[in-house]
Amino acid sequence: MLFSLCLSILAEILENRLLLIAEPLVDPMLSLRASRSQRKIIHCDADCFFAAVETRDDPLLLGRPMAVGGEPERRGVVATCNYEARRYGIHSAMSSAKAKQLCPELVLLPPRFDVYKQASQQMREIFFEYADLIEPLSLDEAFLDVSQSIQCQGSATRMAEEIRQKIEERVGITVSAGVAPNKFLAKVCSDWHKPNGLTVLPPAQVDVFVQALPVNCIFGVGKVTAAKLKRLGIETCGDLRRYTVFDLLTVFGSFGQRLYDLSRGIDNRPVVSSHRRKSLSVEHTYPKDMAAVEQCLQQLPSLLIDLNTRLQKIEVEYRIAKQFVKVKFSNFQTTTMECVSHSTDMRVFLDLMQQACRRSEKSVRLLGLGVRFVDRKAVKNLRQLHLFEQ
Ligand code: TTP
Ligand code: MG
């Protein structure tokens with residue numbers, strides 16, 4: 001018992017070794033405690049997930065450019081493609097027609113969600129062999145907090161290696177992983193040596209690593225914010241650090257705080273096991289663009305049936321706060337409209353849809369309906385407020 005405890009402490013010290021060496025040890029016990037409180041997060045992300053599952057089930061696909069997605073004739077889009085296809089410039093969400101144009105020999109397969117779900121479940125079972133705290137982000141991606149795990153003598157690096165190996169053996173696909181002291185960095189790391197790579201960022205290397213990181217690695221920094229930052233001469237996290245938190249709050253609002261923290265590699269978000277969804281929606285791309293608003297409105301009943309069916313499948317505790325509609329026009333411009341509501345009222349959807357469709361002269365290629373849910377925290381605060389008032 002004592003021996004394994006010593007081993008686990010030793011493994012932890014080794015993993016944080018650079019931290020211990022780099023910082024002058026004023027009080028060795030204090031530093032040891034600090035390193036012990038350091039979190040160890042693993043982020044796993046399967047490589048070209050749907051495509052990998054298809055190749056596993058049909059090895060003839062090996063080495064050939066292939067994608068999973070909708071038919072080009074029905075204006076389908078690519079869900080994902082293998083790395084061979086990516087060399088042609090094909091990517092997720094590209095229209096299948098464009099993908100075929102870029103690579104005429106592309107093998108395009110329809111998705112088989114049940115099979116992907118099964119593979120995802122198998123992956124999750126392997127994650128549970130190493131951590132209790134698992135936060136799935138999607139079918140093929142999850143964060144694991146292994147700070148308290150005693151497997152592999154507590155070495156997160158070895159746990160990540162074993163997880164990757166077991167998934168390859170049992171599920172038949174490869175997974176890339178990142179090991180770091182927080183979620184932000186673990187996710188960046190899992191992408192660092194994709195596909196089939198493992199990247200470990202020890203605490204002592206965080207500062208140097210983050211300094212050189214391009215700002216678009218920060219979640220929430222899309223093309224628009226990246227361009228805005230570039231105009232200010234900010235391209236890396238190191239550049240961001242020249243600004244005070246007040247500067248960033250002034251320019252970017254509350255997002256400025258996140259920019260300030262993440263550019264220093266600080267991310268205290270915990271790994272949360274049950275991820276609550278914020279909204280639920282259904283959408284459909286039509287085989288032919290619809291020019292008349294009335295034609296769009298006629299599609300609503302069937303969309304509403306789909307939405308209600310999906311709503312029935314989720315937990316009852318979700319309470320609706322808003323209804324919204326989405327319209328994508330023929331030029332791919334998308335608009336949404338929403339309003340406060342506590343149900344899926346057809347008249348409300350009709351009204352929102354009418355207004356949304358009129359926002360452009362263009363014909364319509366996609367329609368969507370959805371609901372946003374009440375934030376559980378907000379409900380709790382409200383209840384507390386009522387109690388307080390009473
Ligand atoms: P991702 O992990 O984003 O992509 P990927 O696993 O295919 O490729 P990578 O190696 O870059 O991780 O998404 C996981 C699966 O989710 C993907 O295989 C298909 C599906 N998906 C869609 O259906 N539509 C999308 O737009 C994206 C991004 C993914
Ligand atoms: Mg993936």
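Two axes whose angle falls from 65 to 115 degrees count as roughly perpendicular, while angles under 35 degrees count as roughly parallel. The structure in these exercises is a predicted model.

**Exercise 1. The packing of two helices**

Work out how helices H4 and H7 are oriented to each other, and which residues they bring together.

Step 1. H4 covers residues 49–57 and H7 covers residues 113–128; the two pack at an angle of about 100°, and their axes are 10 Å apart.

Step 2. H4 and H7 are therefore roughly perpendicular to each other.

Step 3. On the H4 side, the contact is made by Phe49, Phe50, Val53, Glu54, Arg56 and Asp57. H7 contributes Phe113, Val115, Tyr116, Ala119, Ser120, Gln122 and Met123.

Step 4. Sorted by type, the residues of this contact of H4 with H7 are eight nonpolar, two polar and three charged.

**Exercise 2. The surroundings of ligand 1**

Describe the shell around ligand 1 and the polar contacts to its oxygen atoms.

Step 1. There are 13 residues around ligand 1, and those that come nearest are Cys48, Thr80, Tyr83, Arg86 and Asp140.

Step 2. By type, the shell around ligand 1 holds six nonpolar, two polar and five charged residues.

Step 3. Asp140 has a polar side-chain atom 2.9 Å from an oxygen atom of ligand 1. In the side chain of Asp45, an N or O atom is 3.2 Å from an oxygen atom of the ligand. With Phe50 the partner is a polar backbone atom, 3.0 Å from an oxygen atom of ligand 1.

Step 4. Ligand 1 taken alone exposes 550 Å², and the protein buries 67% of that.

Step 5. Two or more residues of the shell come from each of these elements: strand S1 (41–46), H4, strand S3 (78–81) and helix H5 (83–86).

**Exercise 3. Backbone features in two loops**

Locate the cis peptide bond at Pro195 and the positive phi of Cys152.

Step 1. The cis peptide bond joins Lys194 and Pro195, with omega about -5°.

Step 2. Pro195 belongs to the loop between helix H9 (183–192) and strand S8 (198–200).

Step 3. Cys152 is a residue other than glycine, and its phi is positive, near 50°.

Step 4. The loop that holds Cys152 runs between strand S6 (141–145) and helix H8 (156–170).

Note on methods
Residues numbered from 1 in each chain as written. Chains lettered and ligands numbered in written order. Predicted model: local features only at pLDDT ≥ 70, side-chain atom pairs only at ≥ 80, totals over all residues. Heavy atoms only, no water. Axes fitted to C-alpha atoms, helices over the stretch in contact; angles between N-to-C directions. Helix = DSSP H or I, 4+ residues; strand = E, 2+ residues; numbered from the N terminus. Parallel < 35°, antiparallel > 145°, perpendicular 65-115°, else oblique. Contact = heavy atoms within 4.5 Å. Nonpolar A, V, L, I, M, F, W, Y, C, P; charged D, E, K, R; others polar. Near = heavy atom within 4 Å. Polar contact = N/O pair within 3.5 Å; in protein donor to acceptor, adjacent residues only side chain to side chain. Areas by Shrake-Rupley, 256 points an atom, 1.4 Å probe, with all protein chains shown as cover.
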